[in-house]
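Here are my comments on the fold, point by point. Please read them with the coordinates open.

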Amino acid sequence: MGENGAGKSTLIKLLTGVYQLREGRLLWNGEPVTISSPADSRALGIRVIHQDRTLIPTFNGIENCYLGLEYPTRLGRVDWAAMERRVRQTMEGLGIDVDLKKTAAELSPPQRTELEIVRAMMTDCRLLILDEPTASLTDQEAERLFKLLRSLREKGTSILYVTHRLDEIFLLTDRVTVFRNGQLVETVPTASVTREELVAKMTDQTAVEPISRRESFGPVLLEAKSLATRDGRVKQGSLSLRSGEILGLFGLGGSGRTELLECIFGCRAISSGTVLLDGKERPGLTPEEAIRSGMVLISEDRRGKAMIGSLSVRDNILLSSIDTFSRYGVLRAKAGNRAAAEQINALHIKLASPGQRMLELSGGNQQKAVFARALMTAPRIFLCDEPTQAVDVATRSDIHHLLRRKADEGAGVLYVSSDLKELLEVADNILVMSRGRTRSCWKNENLTAQQVLACCYETQEKEAQP
């Protein structure tokens, strides 16, 4: 564990041969080893499942499982039947059931994680490293993953598990190692430490300031009425977001939460229904028009949709507001640099310089830069899809307080999270979505996770009945 930038991902890259040691040494089974390339790491039996999945979206399950492996042949041709048999044997040994005919793009987040594990176990895996594996999973999907990891541990596989979710540490691990500022703080038996002590070791602080909630709200800023998509991901999405409100949106995997936000923002076509801003219908709304109308989308897919990794932090921050800092098609560099620097300072983004590439920042600082870009357009409506995914405790708190501050200033926040406990902490009201339809809206007053989950499951069971 450790805050963003503490060195967790760097350690993984050292163990997998992406980076080489400058000092110190690596011991494997008590003997010094040199890992100078990913091939060296794989030869030792080290496999890693990265925070950003490394499956090829257009490949099916069999093809993805064979990435990096030699294809078997028969009579000079690829023996697809032998490949499928080997993958299925590995799946059966792990108790995993994934449709191998589907492409990775067609699989759900937990299925993609399971496929990555199958791929890792296709060879002799002695150390499995997982970097934020539950970042986009619901509690029930995460529990399925934990069951699988426990079975791997029982079979003798060692597991190095990186996460920012404290509950998972106490639920799953035997020991916990804390990093801070690139240095080891301490390694202790998990049973011997408390949540508060772990936070203190990571952040030099013992508590995180709680989020306040509002009782009254202003006028309706955003309204969605019976939105639907041709692919059926959204069948009937309706909601009302008021000024000053943080409206949580919760649903089980595949419920259509992300797709509903994309419909509202205009980056996913709708087949029926309407979006209203300030009471006025906006048919055919596009992302450009949404931004000009004061709306921003914080995407769940940070690297794929929320940033350009090869560009500098400064350029990423200016992306959505570049017209403001341009004259006759030429960027006014000084004004843009000054505005970007103000956001970097205000959000406490840790970087070497504004010219540093986005890809080089830690996940939490990337997310802060994504918020910095959003804030440059002075938005009134925030559509936040898993905004604290794979960020540390302190950054998560910073994002919560930023959104509450914006809500107090009159903005509306639609907040999607797979972490129900987080929604109960931050949202004023919680809207439940199931099988593409928005359902009950609950006032977050003495509301429990059990009540919300019961609503999700009851709805699923009713719709499953003939």
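1. Strand β20 and strand β21 (residues 437-443) are joined by 5 bridges and run antiparallel. The model is predicted, so read every point below as a statement about a prediction. Within this pair, I430 has W442 in β21 as its bridge partner. That is a useful register check when you step along the two strands.

2. β20 and β21 make a hairpin, with 2 residues between the strands. Look at R435 in the turn: its phi is positive, about 50 degrees.

3. β20 has another neighbour to inspect. Strand β12 (residues 246-250) runs parallel to β20, and 4 bridges join the two. Here F250 has V432 in β20 as its bridge partner. β20 is thus bridged to β12 in the parallel sense and to β21 in the antiparallel sense.

4. Is β20 (residues 429-434) mostly covered or mostly open? Mostly covered: 6 of its 6 residues are buried. In a regular strand, side chains alternate between the two faces of the sheet. In β20 both faces are covered. N429, L431 and M433 are buried on one side, and I430, V432 and S434 are buried on the other. Two residues named above, I430 and V432, belong to that second set.

5. A short helix segment comes next: E422 sits in helix α16 (residues 420-426). Why does E422 count as buried? Its relative accessibility is 2%, and the cut-off for buried is under 20%. Setting aside residues up to four places away in sequence, E422 touches T388, R396, H400, Y415 and S417. One of these, H400, is 22 residues from E422 along the chain, and their C-alpha atoms are separated by 9.5 Å.

6. Now the parallel sheet. It is open and has 3 strands, in the order β3-β6-β7. β3 (46-49) and β7 (158-162) are the edge strands, each pairing on one side only. Neighbouring strands are turned by 15 degrees against each other on average, direction ignored.

7. Pairing inside that sheet can be checked at β6 and β7. Strand β6 (residues 127-131) pairs with β7 in the parallel sense, over 5 bridges. L128 stands opposite I159 in β7. Helix α6 (residues 139-154) lies across both β6 and β7, and runs at about 145 degrees to β7.

8. What surrounds I46? This residue is in strand β3. I46 is buried, with a relative accessible area of 4%. Leaving aside neighbours within four places in sequence, I46 is in contact with L15, T16, W28, I35, S41, L127 and I129. I159 is 113 residues from I46 in sequence, yet 9.9 Å away in space, C-alpha to C-alpha.

9. A further sheet is antiparallel. It is open, with 4 strands in the order β11-β10-β13-β14. β11 (237-242) and β14 (280-281) stand at the edges with a single partner strand each, so one side of each has no neighbour in the sheet. Strand β10 (residues 220-228) and strand β13 (residues 272-277) run antiparallel and are joined by 5 bridges. L222 stands opposite L277 in β13. Helix α9 (residues 257-265) packs on this sheet, touching β10, β11 and β13. The direction of α9 makes about 115 degrees with that of β10.

10. Two backbone angles in this region deserve a look. S226 is not a glycine, although its phi is positive at about 50 degrees. S226 lies in strand β10 and is partly exposed, with a relative accessible area of 34%. D278 is also a residue other than glycine with a positive phi, near 55 degrees. D278 lies in the loop between β13 and β14. At 42% relative accessibility, D278 counts as partly exposed.

Key
Residues are numbered from 1 along each chain as its sequence is written. This is a predicted model: local features need pLDDT of at least 70, side-chain atom pairs count only at pLDDT 80 or more; totals for chains, interfaces and linings use all residues. Side-chain values use heavy atoms; hydrogens and water are left out. Buried means under 20% relative accessible area, exposed over 50%, partly exposed in between (1.4 Å probe, protein chains only). Two strands pair if DSSP finds at least two bridges between them. Axes are lines fitted to C-alpha atoms, for helices over the stretch in contact, and angles run from 0 to 180 degrees between N-to-C directions. Contact means heavy atoms within 4.5 Å.
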